[in-house]
Amino acid sequence: MDRAQNSIADLFKAITEARHCVALTGAGVSTLSGIRDFRGKDGLYNDIDAEKIFDIGYFCEDPAFYYRHAREFIYNLDEKEASLVHICLGNLEKRGFLKALITQNIDLLHQKGASRRVIEVHGSPRIHYCLHCSGTRMGFDEAAAIVRSGGLPRCSSCGAVLKPAIAFFGESLPIDALREATGEAQDADLMLVLGTSLTVNPAASLPLYTLRNGGRIVIVNNMPTPLDSRAFMHFEDLGKVFEGIEALL
């Protein structure tokens, strides 16, 4: 149950009065769009070895494994719609209350929700590229059509299976995105931590930059996080919170 002393009206007031409010989102914000999270009670980790899907070594050995298991929750994204959370975050940005949105997600739903300043710290499937041939690129729509038909997106030069520009385990995060996200976290006087268990670094450490610089964090997540005791507001139900915020916008 959400802590009684935390009201959505107080949260909205904090957002609208903040000098530099940013959001950090995880897989939990997309569950309302029908995409399963990874570590939740009904998450993908309960059914499949998700770390194996996103392991760069395993991808190099058997790229078909990734495409077979990622087809449903990445390459069928055209069937998924932005949820109220995505849309509300887009509206907060449009109104000037949200300065940047940092996301661990790779589902492109924040863009569907009309957010423009999206920093994707775990990369993005918008581009697929060849690990061997410099300059070979394929966009998401073309790659997704191939995957949905049962095929594999391949390099037009060497025939190798293309890899999405998602940061797999064993790869570095995109340095420009991480640098930008760190700067936003340092500048923030308020960070909304939404739908993430804060267990995967370095993204999980971003709220610490806000706290160290005197900012405050709000956590909205249905599972405990390591920073719950340091949040000045805490809620569990993302849908309920953003229904309230949207009504006040």
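Reader: What makes Phe 242 a contact partner of other residues, and which residues does Phe 242 touch?

Author: Contact means heavy atoms within 4.5 Å, and in this predicted model Phe 242 touches Leu 84, Val 85, Cys 88, Leu 89 and Leu 194, not counting residues up to four places away in sequence. Because the model is predicted, local features need pLDDT of at least 70 and side-chain atom pairs count only at pLDDT 80 or more, whereas totals for chains, interfaces and linings use all residues. Residues are numbered from 1 along each chain as its sequence is written, and side-chain values use heavy atoms, with hydrogens and water left out.

Reader: What makes the largest set of 26 residues a nonpolar core?

Author: A nonpolar core is a set of buried Ala, Val, Leu, Ile, Met, Phe, Trp, Tyr and Cys residues joined through side-chain atoms within 4.5 Å; the largest such core has 26 residues, and those with the most contacts inside it include Leu 11, Leu 192 and Phe 242. Among the elements that each supply at least two residues of this core are α1 (8-17), α5 (84-94) and α10 (238-248), where helices are DSSP runs of H or I with at least four residues and strands are runs of E with at least two, numbered from the N terminus. Apart from this core lies another, of 22 residues, among them Ile 53 and Phe 168.

Reader: Why is Thr 136 called buried or exposed?

Author: Buried means under 20% relative accessible area, exposed over 50%, and partly exposed in between, with a 1.4 Å probe and protein chains only; Thr 136 has 12% and is therefore buried. Thr 136 lies in the loop between β4 and β5.

Reader: Why is Gly 57 called buried, exposed or partly exposed?

Author: Gly 57, which is found in helix α3 (residues 56-61), has a relative accessible area of 34%, so Gly 57 is partly exposed.

Reader: How do you know that β4 and strand β5 pair, and in what sense?

Author: Two strands pair if DSSP finds at least two bridges between them, and β4 and β5 (residues 137-139) have 3 bridges in the antiparallel sense. Within this pair, Ile 127 has Gly 139 in β5 as its bridge partner.

Reader: What makes the phi of Leu 108 worth noting?

Author: Most residues other than glycine have a negative phi, whereas the phi of Leu 108 is near 65°, a positive value in a residue other than glycine. Leu 108 has 15% relative accessibility and so counts as buried.
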